[in-house]
Amino acid sequence: MEKIRKRKQVEREQQHPKSKSVRGSPKPTTTTTGKDPYPFHTRPDPQECQAIRDILLSLHAIPPELAKYRELKSPNDTVQQETVLDGLVRTVLSQNTTETNSQRAFDSLKASFPTWEHVLRAESKDLENAIRCGGLAPTKASCIKNVLRLLVEKRGKLCLEYLRDLSIDEIKAELSLFKGIGPKTVACVLMFNLQLDDFPVDTHIFEIAKTMGWVPAVADRNKTYLHLNQRIPNELKFELNCLLYTHGKLCRKCTSKRGNLQLKKCNDNNSCPLLDYYKESN
């Protein structure tokens with residue numbers, strides 16, 4: 001009799017298998033396997049992401065310097081593709097500085113050294129001088145040098161194009177080997193240079209996400225990155241990321257770290273449609 005009961009139980013389980021997903025957790029919408037640190041925090045949902053994208057798209061245009069990367073996804077594009085190594089170094093130079101200064105630093109680097117081989121062989125002080133206008137020259141120069149040295153050791157040449165043949169998780173594992181390359185830099189390379197579905201979280205997006213209530217108040221930037229990559233639909237990631245980044249630079253009212261006081265000021269003068277939406281959603 002016991003054997004019969006067990007056989008029937010097995011048959012029921014085969015006909016109605018249990019779901020492996022956590023009850024109440026969102027269905028992942030990203031190709032990455034990073035675990036959501038806040039599986040029961042249900043915002044943002046796809047409808048909210050779409051609404052915010054539409055609001056910001058009517059308010060801002062996607063900057064041309066970012067829009068060009070979206071055009072690379074088109075099979076008929078005529079845009080010249082930036083190399084992955086160029087994109088990685090460009091992202092390193094963008095850290096803790098303005099777009100203008102980071103672009104000047106990248107242009108100066110390229111003008112001073114014809115090839116990456118020249119950069120690798122250059123004296124550290126010469127490299128620092130070339131990128132000094134971008135700030136943090138010693139730190140960034142050291143990071144660039146480390147990337148180039150490890151590339152030669154691992155691959156025998158200064159090229160990152162092999163990443164195009166890897167999965168998102170494999171790319172993250174590869175780039176994590178380079179000292180000084182953090183999650184935000186990796187995410188930028190994934191989204192812009194490799195045209196993969198990822199959602200970088202910079203300071204602007206982090207502050208907006210907390211103000212909007214898209215993550216718990218205790219969330220740090222890395223956990224915000226993991227959560228938003230699970231919650232935001234892949235097809236919205238590029239535009240929503242570019243628009244939130246643009247909005248964060250232009251609207252200090254909704255990215256202030258002063259919290260509720262600043263939020264109240266922004267809602268009082270009704271000058272930010274993003275916070276109007278936030279108010280209606282809570």
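**Exercise 1.** Is T83 buried, partly exposed or exposed, and what is its relative accessibility? Place the residue in the chain and list its contacts outside the neighbouring sequence.

*Solution.* The model is a predicted one, and the residue is first located in the loop between α3 (64–71) and α4 (84–93), where T83 has its place. The class called buried ends under 20% and the class called exposed begins over 50%, so T83, at 35% relative accessibility, counts as partly exposed. Once its neighbours within four places in sequence are left aside, T83 is in contact with E161 and N193. A further pair to inspect is T83 and L194, whose C-alpha atoms are 9.3 Å apart in space although the residues are 111 apart in sequence.

**Exercise 2.** Examine the backbone at P44, N96 and L136, and state what each place shows.

*Solution.* Begin with P44, which is found in the loop between α1 (2–15) and α2 (46–59); the peptide bond that leads from R43 to P44 is cis, its omega being near -5 degrees. Continue with N96 in the loop between α4 and α5 (99–112), where phi is near 55 degrees, a positive value in a residue other than glycine. N96 has a relative accessible area of 70% and is therefore exposed. Finish with L136, located in the loop between α7 (124–131) and α8 (137–155), where phi is positive as well, near 50 degrees, and where a relative accessibility of 47% makes the residue partly exposed.

**Exercise 3.** Determine which parts of the chain the salt bridge between E239 and R70 connects, and set this pair beside that of D198 and K172.

*Solution.* A search of the whole structure gives 11 salt bridges. In the one formed by E239 and R70, the closest N and O atoms are 2.5 Å apart. Because E239 lies in helix α13 (residues 234–250) and R70 in helix α3, the pair ties together parts that are 169 residues apart in sequence. E239 is buried, with a relative accessible area of 16%, whereas R70 is partly exposed at 34%. Both residues also belong to a network of salt bridges that links R53, D54, R70 and E239.

For the second pair, the side chains of D198 and K172 meet at 3.9 Å, N to O. This pair links distant parts of the chain, with D198 in the loop between α10 (183–193) and α11 (203–212) and K172 in helix α9 (residues 168–175), 26 residues apart. D198 is buried at a relative accessible area of 0%, while K172 is partly exposed at 23%.

Note on methods: Residues are numbered from 1 along each chain as its sequence is written. This is a predicted model: local features need pLDDT of at least 70, side-chain atom pairs count only at pLDDT 80 or more; totals for chains, interfaces and linings use all residues. Side-chain values use heavy atoms; hydrogens and water are left out. Helices (H or I, at least four residues) and strands (E, at least two) are DSSP runs, numbered from the N terminus. Buried means under 20% relative accessible area, exposed over 50%, partly exposed in between (1.4 Å probe, protein chains only). Contact means heavy atoms within 4.5 Å. A salt bridge is a side-chain nitrogen of Lys or Arg within 4 Å of a carboxyl oxygen of Asp or Glu.
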